[in-house]
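Hi,

Here is the structure I promised to pass on. Have a look at it first, and my notes come right after.

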Amino acid sequence: MSETAEPILQLEGLTKVYSGGLKALDSVDLEIRRGEIFALLGPNGAGKTTLIGAVCGIVRPTSGTIRAFGFDMAKDWREARSRIGLVPQELSTDMFEPVHRAVSYSRGLFGKPADKAKIEEVLRSLNLWEKRDERIMALSGGMKRRVLIAKALAHEPDLLFLDEPTAGVDVELRKSMWRQIDEMRARGVTVILTTHYIEEAEEMADRVGVIRDGKILMVDNKDAMMARLGRTEALIDLAQPLAEIPSSIAHLGVTLTDDRKQLCYRGGDGTGTGKAEVAELTKLLTRAGIDYAGIDIHESSLEDIFVGLVEHRDEEPAE
């Protein structure tokens, strides 16, 4: 996806304060590019679902503007909302309805004419065609979630929100749904995903945003974020305890564990410099006559970066 792709959604100063004084969104500025998969990450209560609700007309913002497809959502919400799909977090749907009828009804809600071929296409893409005549209540949890996706896709949206789409489903089904989301993007659908499974963002997202306490802490290309904030960590098991860190390796920022039996290194920038420094460290240890029994090297994952942002930074400006 091109970084110069036109924005399909623009949020400016979006704020939501509930009657009890809770500020769920705090002056959020965000642009979503056409054709991307954007992952919005944050702990429980960070404001993810409130943000989605504001765009989809479920939550009324206290202040700020929302523009989708060039329309001001406060003035031309019908035109914009008809092009937006939502797969909610909760499994609330028409439990007594057959799958086929529920999905067809969702298409009609957005003013789309009946189209049996399109409904069949959507159901087949989600492996629901064989279940089309079954009542939703009789389906497994994973299949019910697929029905929610089918209902959201029935009116052929250009922008699709997925709020925790794989919560409560097994790993195999989760990976299957990842493939389906990637296929949606291939068909030109812009996807905004919230998830507790950081590996989903690492697997699929083009860009990642981190939100906490209603504020956007950071938005960046996933690879750029990992390169800028990623680190290499190495734990070196020493053959014999060290009384102190030799001056020859002190410049690499290593530390000794309390029992003096391990050296700890943390450095680099996510682009491979850390690994080069670990290699230099082992050479310096050998030259100094210090034997070691093993090395455990760990590269930061997106989850490590996410945890660092939400737990250790009091203020982080959005980019």
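Below is what I found, starting with a sheet and moving on to the salt bridges. Keep in mind that this is a predicted model.

The sheet is an open one of 4 strands, in the order 2-1-4-5, and the pairing is antiparallel. Strand 2 (23-33) and strand 5 (71-72) are at the edges with a single partner strand each, so one side of each has no neighbour in the sheet. Further in, strand 1 (residues 7-17) and strand 4 (residues 63-68) run antiparallel and are joined by 5 bridges. If you want a spot to look at there, Leu9 sits opposite Ala68 in strand 4. Helix 1 (residues 48-55) lies across strands 1, 2 and 4, at about 115° to strand 1.

Now the charges. There are 13 salt bridges in the structure. One of them pairs Arg107 with Glu156, with 2.9 Å between the closest N and O atoms. That pair links distant parts of the chain, 49 residues apart: Arg107 is in helix 3 (residues 99-109), while Glu156 is in the loop between helix 5 (141-153) and strand 7 (159-163). Arg107 counts as buried at 5% relative accessibility, whereas Glu156 is partly exposed at 36%. Both also belong to a salt-bridge network with Lys118 and Glu121.

Asp182 and Arg185 make another salt bridge (3.0 Å, N to O). These two are both in helix 6 (residues 171-186), 3 residues apart, or about one turn of the helix. Asp182 is partly exposed at 37% relative accessible area, and Arg185 is partly exposed too, at 21%.

Cheers

Methods: Residues are numbered from 1 along each chain as its sequence is written. This is a predicted model: local features need pLDDT of at least 70, side-chain atom pairs count only at pLDDT 80 or more; totals for chains, interfaces and linings use all residues. Side-chain values use heavy atoms; hydrogens and water are left out. Two strands pair if DSSP finds at least two bridges between them. Contact means heavy atoms within 4.5 Å. Axes are lines fitted to C-alpha atoms, for helices over the stretch in contact, and angles run from 0 to 180 degrees between N-to-C directions. A salt bridge is a side-chain nitrogen of Lys or Arg within 4 Å of a carboxyl oxygen of Asp or Glu. Buried means under 20% relative accessible area, exposed over 50%, partly exposed in between (1.4 Å probe, protein chains only).
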